[in-house]
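Got the viewer open? Let's take a walk through this one, a stop at a time.

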Amino acid sequence: MAYVDGFVVPVQQSKLEVYKEMSRQCGAIWRELGALEFRECVADDVKPGQWTSFPQSVLLEEGEVVVFSWIVHASRARRDEVNAKVMQDPRMAEFMKPENTPFDGKRMIYGGFEMVVDL
């Protein structure tokens, strides 16, 4: 069964196009280095909840939108290999600088997940 890295980030509406371009470039690198899928989704029908919600999870602020993303890998071991290569890839250097990141990384939620159902 596959392995998935998942992310939820708040992105300023004014920086959304910059974020999309960064994502296209990063996604191409991840795919080139072995990821099976790279997906980025902008919230369309996401409302604040009473106790929990996507907006609450990232402490969404005025003028921001939630982005939900995932990268699919063949296995946890393969994900670890691919991520190590991605982090060493010189094309990623500019994206790793906090001043070049078009989202608040302190409010990003992320983690690795073992896929248990794939229909």
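How many bridges join strand β1 to β3, and do they run antiparallel or parallel? Select residues 3–12 for β1 and residues 64–73 for β3: ten bridges join these strands, and they run antiparallel. Keep in mind that you are looking at a predicted model.

Zoom in on V8, which has F68 of β3 standing opposite. Now add residues 37–42, strand β2. Strand β2 pairs with β3 as well, again in the antiparallel sense, through six bridges. Here the pair to pick out is V42 and, opposite, V67 in β3. While β3 is still selected, colour by accessibility: eight of its ten residues are buried, so the strand is mostly covered.

Step back for the whole chain. You should count four helices and four strands, in the order β-α-β-α-β-α-α-β from the N terminus. The C-alpha atoms sit in a box of roughly 35 × 35 × 20 Å along the principal axes. The radius of gyration is 15 Å, which agrees with the value near 14 Å for a compact globule of 119 residues. Turn on contacts, keep those with a separation of 6 or more, and 81% of them link residues 24 or more positions apart. As for burial, 37% of the 119 residues count as buried.

Next, go inside. Nonpolar side chains tend to be buried together in soluble globular proteins. The largest nonpolar core in this model has 19 residues; show V11, Y19, C26, W30, V86 and M92, the members that touch the most others. The elements giving two or more residues to this core are β1, α1 (16–32), β3 and α3 (76–88). Of these, α1 gives the most, with six residues.

Centre on Y19 and display its surroundings. Beyond its neighbours within four places in sequence, Y19 is in contact with V9, V11, E40, V67, S69, P102 and F103.

Last stop: α3. This helix has 13 residues and spans 19 Å from first C-alpha to last, close to the 18 Å expected. Which residues of α3 are buried? Select R79, V82, N83 and V86, then look down the axis. They cover an arc of only 100°, so they lie on the same side of α3. Now bring back β1, α1, β3 and β4 (109–114): these are the elements that the buried residues of α3 pack against.

Technical notes: Residues numbered from 1 in each chain as written. Predicted model: local features only at pLDDT ≥ 70, side-chain atom pairs only at ≥ 80, totals over all residues. Heavy atoms only, no water. Buried < 20%, exposed > 50% of the residue type's maximum accessible area, 1.4 Å probe, protein only. Pairing = 2+ DSSP bridges. Core = buried A, V, L, I, M, F, W, Y, C linked by side-chain atoms within 4.5 Å. Contact = heavy atoms within 4.5 Å. Expected span 1.5 Å × (residues − 1). Arc of directions from axis to C-beta. Rg over C-alpha atoms; globule rule 2.2 N^0.38 Å.
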